[in-house]
Amino acid sequence: MIPARYGPVLFSFILSGVMSLLVSGISTFRAAQVDQGFLGLWAGAWLTGWLFAFPAVMLAAPLARKLVARVVAREGEG
């Protein structure tokens, strides 16, 4: 098992992988139809996207948590 202290990094790794997979798939499909070597193009786009998405998620996650903490109501407050 992976120690709990690595949870945020693993979460960012998985989230960035899934999101870059989806976004690159949609973008690649719109740019090159399935008969134009779609899977190869998608794989290359996904890996390139993930390379940038993972550090972006690592940087953005703490900022997003702080923003959410300011926007949502605390327990017991109306």
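This is a short guided tour of a predicted model, going stop by stop along one helix and its surroundings.

**Stop 1: the helix H1**

Start by selecting residues 7–31, which make up helix H1. How far apart are the end C-alpha atoms of H1? They are 36 Å apart, and this agrees with the 36 Å expected for 25 residues at 1.5 Å a residue. If your viewer has a distance tool, try it on the two ends.

Now color the buried residues of H1: Ser12, Ser16, Gly17, Ser20, Ser24, Gly25 and Thr28. An α-helix has 3.6 residues a turn, so residues three or four places apart point the same way. Keep that in mind while you look at the colored positions.

What helps to cover these buried residues? Select 38–71 and you will have helix H2, which is part of the cover over the buried residues of H1. Leave H2 switched on for the next stops.

**Stop 2: Ser12**

Select Ser12, which has its place in helix H1. Ser12 has a relative accessible area of 2%, so it counts as buried, the cut-off being under 20%. Show the side chains around it: not counting residues up to four places away in sequence, Ser12 touches Phe54, Val57 and Met58.

**Stop 3: Ser16**

Move along H1 to Ser16. Is Ser16 buried or exposed? With 1% relative accessibility, it counts as buried. Leaving aside neighbours within four places in sequence, the residues in contact with Ser16 are Trp50, Ala53, Phe54 and Val57.

Two polar details are worth a zoom here. A polar atom of the Ser16 side chain lies 2.8 Å from the backbone oxygen of Ser12, the residue from the previous stop. The side chain of Ser16 also makes a polar contact of 2.9 Å with the side chain of Trp50.

For a longer view, draw a line from Ser16 to Val68. These two are 52 residues apart in sequence, and their C-alpha atoms are 19 Å apart in space.

**Stop 4: Ser24**

Continue to Ser24, also found in helix H1. Ser24 is buried, with a relative accessible area of 8%. Which residues does Ser24 contact, leaving aside its neighbours within four places in sequence? They are Trp42, Ala45 and Trp46.

Zoom in on the side chain again. One of its polar atoms lies 2.7 Å from the backbone oxygen of Ser20. A polar contact of 3.1 Å also joins the side chain of Ser24 to that of Trp42.

Next, pick Gly49 as a partner for a distance. Ser24 and Gly49 are 25 residues apart in sequence, with 7.1 Å between their C-alpha atoms.

**Stop 5: Thr28**

The next selection is Thr28, in helix H1. Its relative accessibility is 10%, so Thr28 counts as buried. Not counting residues up to four places away in sequence, Thr28 touches Phe38, Leu41, Trp42 and Ala45. You have already met Trp42 and Ala45 among the contacts of Ser24.

**Stop 6: the nonpolar patch**

Turn on the surface and select Ile2, Tyr6, Leu10, Phe11, Phe13, Ile14, Leu15, Val18, Met19, Leu22 and Val23. Together they form a nonpolar patch on the surface, with about 1000 Å² of accessible area.

Two members of the patch make good landmarks. Leu10 is found in helix H1 and is partly exposed, with a relative accessible area of 36%. Leu22 lies in H1 as well, and it too is partly exposed, at 47%. How far apart are Leu10 and Leu22 in space? They are twelve residues apart in sequence, and 18 Å separates their C-alpha atoms.

**Stop 7: the loop**

Finish at Val34, in the loop between H1 and H2. Val34 has a relative accessible area of 55%, so it is classed as exposed, the cut-off being over 50%. For a last distance, go from Val34 back to Phe11, a member of the nonpolar patch. The two are 23 residues apart along the chain, and their C-alpha atoms are separated by 31 Å.

Conventions. Residues numbered from 1 in each chain as written. Predicted model: local features only at pLDDT ≥ 70, side-chain atom pairs only at ≥ 80, totals over all residues. Heavy atoms only, no water. Patch = residues over 30% accessible without salt bridge, like charges linked within 9 Å, V, L, I, M, F, W, Y side chains within 5 Å. Areas by Shrake-Rupley, 256 points an atom, 1.4 Å probe, with all protein chains shown as cover. Salt bridge = Lys/Arg side-chain N within 4 Å of Asp/Glu carboxyl O. Helix = DSSP H or I, 4+ residues; strand = E, 2+ residues; numbered from the N terminus. Buried < 20%, exposed > 50% of the residue type's maximum accessible area, 1.4 Å probe, protein only. Expected span 1.5 Å × (residues − 1). Contact = heavy atoms within 4.5 Å. Polar contact = N/O pair within 3.5 Å; in protein donor to acceptor, adjacent residues only side chain to side chain.
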